[in-house]
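Visitor: I have not looked at this structure before. Could you take me through it with a few questions?

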Amino acid sequence: MLKQTSTVPGSHTLLPIVALILQKFGGKATKNQIVFAVMSYCNLPYESYDKAHNETGWAGTYLRKIGFFKDSKRGEWVLKDDYMNKSFEELKKISYRLYDERLGRI
């Protein structure tokens, strides 16, 4: 069994993780579904929910701004088809590069 950690990854670190999680949900999920999946993926205790919710929300905002999401109804995150079959390493490389190019921070 993996040891639980209370350290929630920052929004930048979560970019490829959120994209990967959306792949596993078939490309579409609500923010809450993604937050709980992030907590499971990162092995976080429930006490970390508020921080995980905040950081995941920012990751979603950044993914939307760099073009990873399709337009969708409120509260639903939909991954563009271009990113549905990418590996974690590809998602990481692409998301970090686009983040740097379009938002100017890393």
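The questions below deal with the core and with one helix and its surroundings.

Visitor: Which helix gives the largest share of the largest nonpolar core?
Guide: This is a predicted model. Its largest nonpolar core has 34 residues, and Val18, Leu22, Ile34, Val38 and Phe68 have the most contacts inside it. Helices H1 (11-24), H2 (31-41), H3 (49-65) and H4 (88-103) each give two or more residues to this core. The largest share is eight residues, and it comes from H1.

Visitor: Beyond its neighbours within four places in sequence, which residues is Ile34 in contact with?
Guide: Ile34 is one of the residues with the most contacts inside the core. With those neighbours left aside, its contacts are Val18, Ile21, Leu22, Ala29, Thr56 and Trp77.

Visitor: How far apart are the end C-alpha atoms of H3?
Guide: H3 has 17 residues, and at 1.5 Å a residue these should span 24 Å. The model agrees with this, because the end C-alpha atoms are apart by 24 Å.

Visitor: What covers the buried residues of H3?
Guide: The buried residues of H3 include Tyr49, Ala52, Glu55 and Thr56. Their cover includes H1, H2, strand S2 (76-78) and H4.

Visitor: Is H1 roughly parallel or roughly perpendicular to H3?
Guide: The axes of H1 and H3 come within 8 Å and cross at roughly 75°. Angles of 65 to 115 degrees count as roughly perpendicular. H1 is therefore, relative to H3, roughly perpendicular.

Definitions and conventions:
Residues are numbered from 1 along each chain as its sequence is written. This is a predicted model: local features need pLDDT of at least 70, side-chain atom pairs count only at pLDDT 80 or more; totals for chains, interfaces and linings use all residues. Side-chain values use heavy atoms; hydrogens and water are left out. A nonpolar core is a set of buried Ala, Val, Leu, Ile, Met, Phe, Trp, Tyr and Cys residues joined through side-chain atoms within 4.5 Å. Buried means under 20% relative accessible area, exposed over 50%, partly exposed in between (1.4 Å probe, protein chains only). Helices (H or I, at least four residues) and strands (E, at least two) are DSSP runs, numbered from the N terminus. Contact means heavy atoms within 4.5 Å. The expected span of a helix is 1.5 Å times one less than its number of residues. Axes are lines fitted to C-alpha atoms, for helices over the stretch in contact, and angles run from 0 to 180 degrees between N-to-C directions. Angles under 35 degrees count as roughly parallel, over 145 as roughly antiparallel, 65 to 115 as roughly perpendicular and the rest as oblique.
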